[in-house]
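Reader: I would like to go through this model with you. Could we begin with the overall picture and then turn to some details?

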Amino acid sequence: MSHRAILTDRQRVALFALPTHREELVARYVLSDADIRTIQKRKGPANRLGFALQLCAFRWPGRLLQPKEVIPAEMLSFVSAQLGIENEDALFDYGARTTTRYQHSSSLQQIYGYKPFEARARKDMLEWLTLQAATTSVNSDLAISFLGELRRRQIIVPAASVIERLCGEALVRAEKSAIENVNARLEPHHRARLDSLLEDIADDRISRFISLRSFETGRNSADMHRLLDRLEIIEGLDLPDALLEGISQVQVDRLKSQGDRLYSDGLRRLMPDRRYAILAVTIRCLHEKLTDAAIETNDRILSRLWNEAARAGETAIADSKVTTRDTLKGFIDMGNELIAAHENGENLNEAMDIRVGWDRLGGLISDALSLTVKLNAEPIDYIKIGLARVRRYAKRFLSGIAWKAAKSSRAVLDAIGAYLTSAKDGGLPIKFARPKWKKRVLATDGIDRPLWELAVIYELRAGLRSGDIWVRQSARYQELETALLPMPAVSTSATLAVPFAAKDWLEAKKAEMTLKFAVVSDAAREGRLANAELSDGKLTLKRLTRAIPDDASSLVSELYGLIDPVRITDLLLEIDDQTGFTDMFTDVRNGTPPPDRRALLTVLIADGLNLGLKKMADACPDFSYWELLRTANWHVRTDTYQRALDIVTDAHAELPFAKFWGSATSSSSDGQHMPAGAQGEAMNIVNLKYGTQPGMSSYTHVSDQFAPFHTQRIGGTAHEAPYVLDGLLCHNSSLQIKDHFVDTGGFSDHVFAAASFIGFQFIPRIRGLEDHRLYAFDLDAAPSNIRPLIARRVNEKLILDNWPEMLRAAASMSARTVVPSQYLRKLAAYPKRNALSRSWREVGRVIRTLFVLDWLLDEGIQRQAQVGLNKGEAHHALKAAIHFHRKGEIRDRTRENQDLRIAGMNFLAASIIFWNGSALGKAVQSMIEKGAFPDPALMKHVSPLGWEHIILTGEYRWDA
């Protein structure tokens with residue numbers, strides 16, 4: 001039997017404890033009339049009360065009451081009040097006869113159908129547990145699910161030790177089953193090749209396996225070849241295609257995570273079946289990651305080449321400055337001569353011959369034509385300057401990856417085939433190229449082969465971005481269709497906020513739009529628009545006035561003045577004592593919590609402060625670098641950060657002071673630029689706002705109570721809009737977000753549409769809102785003063801034709817089978833003519849039009865957006881103060897470590913905000929006790945984002 005740890009003491013108590021909160025008592029322990037009649041049949045108040053308490057315990061948490069167990073006073077009062085028993089001390093007489101408890105338990109089982117956990121019930125539940133264990137990533141979640149299933153089946157919950165023993169056994173069975181399934185598909189030659197990865201030495205220093213595991217996305221052809229070398233080694237292993245069939249993603253992730261962390265010696269010490277399973281799964285996942293890295297390296301090379309071509313065009317124009325000046329001067333002189341001849345009555349033909357000269361005119365025209373070509377040129381006209389660097393890797397890259405394509409992009413695969421076979425110019429296909437490439441490739445003397453080659457690889461990139469071309473052995477460029485829910489599952493989805501029939505949706509929106517157009521029209525004529533004017537077809541917006549009272553700042557100072565300074569170490573210990581968030585940082589191998597929470601908290605501080613483990617070991621005498629590294633390696637991941645963040649977010653929402661800030665039903669999101677320690681231009685991550693300063697963005701979702709409940713790293717050049725829905729759908733906290741605010745960077749019509757389908761009210765603050773056109777179902781029916789704001793009619797047929805596919809995509813995003821940002825980025829990359837992309841945009845335009853009409857009528861929406869966005873933007877200062885080491889630069893090279901740095905920074909900020917929220921509540925209570933009653937209306941202006949009282953620097957010591 002397994003002795004694997006399943007629950008901590010804190011989790012054990014929470015699972016089996018009797019409820020004490022009023023809300024829980026009402027939800028669990030309200031007795032029905034039938035219950036009362038059954039209970040009243042017992043003799044005496046003691047037996048009636050004892051019988052009722054046993055019944056309540058059967059229902060929740062589902063167990064027997066233990067002899068001499070102390071019943072919480074809240075539960076005792078709640079149940080006795082329903083029975084009309086005023087003397088609660090009567091319970092002391094309950095069970096004076098030992099058999100009374102057993103008789104009552106037996107009666108409850110007969111009357112209500114409860115069953116003991118033995119024989120058949122035990123066997124069935126172990127089978128259920130084993131299946132559940134294969135898809136559960138957190139041990140405590142398995143125990144929680146187990147108890148829930150026992151209650152559902154009305155099986156009496158056994159002792160905690162039995163629960164843990166069975167869960168441990170199920171986890172071991174599930175893991176063994178996954179290992180056996182992998183090994184059953186490996187032949188002897190596969191095992192020999194996997195062993196050779198641990199024995200062969202690469203670069204005269206490390207094993208071949210560790211060499212394969214050590215890579216990053218590159219930026220030039222040499223980096224590309226290093227990635228392709230690794231891909232060739234992996235493909236040479238020839239692992240079975242069906243290697244992972246029938247194995248849950250949780251088990252795959254668990255085996256892969258061990259392979260990502262174990263070194264060759266550690267792997268050799270494992271039992272053979274386990275070693276082969278870990279190696280095979282890790283190699284299969286490395287294949288996907290290497291493929292993605294190669295594709296992204298090609299993307300970087302092509303983007304850098306395009307930027308160089310654009311600069312070459314700008315340089316050509318700059319170099320033609322003298323020629324431009326001379327040409328213009330020549331035309332001016334010629335024009336003056338001809339005007340003078342005309343005024344003197346001279347023959348213009350003779351004047352042209354004598355004063356100007358036809359040869360001179362021809363030269364000026366030739367120069368003007370040349371200059372016109374340069375001025376009208378695009379980067380594509382200079383793109384051949386990079387042909388040599390692309391040719392260094394193109395054939396190997398194109399042949400080394402198995403491309404797949406939708407019907408619309410199969411011509412690109414045909415072109416790749418012609419490229420690889422070095423077809424002659426006459427046999428080169430041209431159908432694949434978009435017009436801007438085609439008109440240049442088709443030169444006057446035939447096909448321009450160098451430009452054709454570049455067109456092939458650029459069109460491949462476009463197809464990958466749009467999803468029309470995909471790779472099966474890839475994590476980021478897989479066929480999107482396979483991740484979408486099947487249509488029958490969509491019809492039963494309860495997560496969609498729109499009708500299943502497009503006609504019903506269209507009719508409702510038509511009626512809503514007609515009504516709002518009329519209301520806005522009347523309000524505009526009467527001057528009642530909210531901070532806006534509509535005159536002569538032109539919309540003018542006004543800036544919102546300041547709404548923060550002057551007294552708020554003094555209250556903030558007074559409250560923070562009552563909070564004593566606290567060390568960051570003590571702060572985290574206090575929060576963990578209250579919430580138990582450290583239990584969420586489970587071991588990747590067996591799901592157990594960290595053995596020393598202080599070591600874990602030290603790692604979290606190192607991540608959050610951007611200090612790094614080596615410097616943290618120097619500043620923390622309690623732990624060595626290797627101790628911290630082991631803890632970080634096995635316990636700290638982005639998924640464990642998110643689970644811990646969910647715990648702290650839920651605890652924050654329960655703070656009394658948090659109710660002043662909001663109801664936890666609205667949120668905002670914004671990106672914060674994080675500098676990176678590398679050359680941005682060389683890495684091709686130039687940002688329009690930050691120039692060549694290298695970096696990335698931390699995109700964070702913040703609730704109206706200031707809690708940052710989700711964060712993710714996005715590229716320095718990425719548009720924020722596709723990531724808006726990720727944070728709203730990919731957290732597991734108890735927040736019930738309905739309204740979401742973003743700034744202009746998070747706005748797009750696609751997001752408007754997707755948010756409305758899933759049920760979120762999307763409220764962007766759009767810069768230049770007055771310049772964005774509206775859309776209408778019936779132009780003629782629109783009020784005359786509104787009509788100048790309308791761009792065109794809504795394409796209803798497009799929406800009707802693609803409605804089922806849009807429902808399917810929205811249901812898939814809501815069910816988390818598709819990451820919203822992945823789907824929305826592909827929509828944005830589709831060609832303009834793509835029907836699905838256009839249909840989403842058409843729906844988005846309808847929703848955006850209705851939103852703008854509401855915005856013009858309701859100043860409340862405008863203020864809500866401003867307040868929500870201000871809360872999110874105020875986080876930037878706190879995070880900059882936290883993430884101060886290394887000048888705030890993220891110097892980690894791998895995507896995984898960058899994600900950890902940003903997740904650590906966000907978690908530390910969330911912890912500080914939660915602690916401040918609790919401390920502010922205590923400060924208010926202190927003021928009240930002294931007879932000073934702060935104005936409740938000012939409370940919402942007191943933010944928990946202060947950090948001056950938190951000691952972030954110095955030695956990090958843990959009290960015994």
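The exchange below goes from the whole chain to a sheet, a helix and the cysteines.

Reader: What kind of model is this, and how many helices and strands does the protein chain have?
Author: It is a predicted model. The protein chain has 40 helices and 17 strands.

Reader: What does the C-alpha trace span along its principal axes?
Author: The C-alpha trace of the protein chain spans about 135 × 80 × 60 Å. Its accessible surface is about 44600 Å², and carbon and sulfur atoms contribute 51% of that.

Reader: How much of the chain is buried?
Author: Of the 960 residues in the protein chain, 52% are buried. As for contacts with a separation of 6 or more, 76% are between residues 24 or more positions apart.

Reader: Let us turn to the five-strand sheet. What is the strand order?
Author: The order is 12-11-10-13-14, in an open sheet with mixed pairing. Strand 12 (708-715) and strand 14 (761-764) are the edge strands, each pairing on one side only. From one strand to the next, the twist averages 25 degrees.

Reader: How many bridges join strand 11 to strand 12, and which way do they run?
Author: Strand 11 (residues 695-703) and strand 12 are antiparallel and are joined by seven bridges. Within this part of the sheet, Met 696 is placed opposite Gly 715 of strand 12.

Reader: Which helix lies across strand 12?
Author: That is helix 39 (residues 895-929), which lies across strand 10 (666-675) and strand 11 as well. Helix 39 runs at about 155 degrees to strand 12.

Reader: A change of topic: helix 23. What span should it have, and how far apart are its end C-alpha atoms?
Author: Helix 23 (residues 449-466) has 18 residues, so at 1.5 Å a residue it should span 26 Å. Its end C-alpha atoms are 26 Å apart, in agreement with that value.

Reader: Is helix 23 mostly covered or mostly uncovered, and what comes just after it?
Author: Helix 23 is mostly covered, with 15 of its 18 residues buried. Just after helix 23 comes Gly 467, which has a positive phi of about 90 degrees.

Reader: Finally, the cysteines. How many disulfides are there?
Author: The count is zero, where a disulfide would need two cysteine sulfur atoms within 2.5 Å.

Reader: Are Cys 56 and Cys 167 buried or exposed, and why?
Author: Cys 56 has a relative accessible area of 1%, so it is buried, the cut-off being under 20%. Cys 167 also counts as buried, because its relative accessibility is 0%.

Note on methods. Residues are numbered from 1 along each chain as its sequence is written. This is a predicted model: local features need pLDDT of at least 70, side-chain atom pairs count only at pLDDT 80 or more; totals for chains, interfaces and linings use all residues. Side-chain values use heavy atoms; hydrogens and water are left out. Two strands pair if DSSP finds at least two bridges between them. Helices (H or I, at least four residues) and strands (E, at least two) are DSSP runs, numbered from the N terminus. Axes are lines fitted to C-alpha atoms, for helices over the stretch in contact, and angles run from 0 to 180 degrees between N-to-C directions. Contact means heavy atoms within 4.5 Å. The expected span of a helix is 1.5 Å times one less than its number of residues. Buried means under 20% relative accessible area, exposed over 50%, partly exposed in between (1.4 Å probe, protein chains only). Accessible areas come from the Shrake-Rupley method with a 1.4 Å probe; for residues, only the protein chains shown count as cover.
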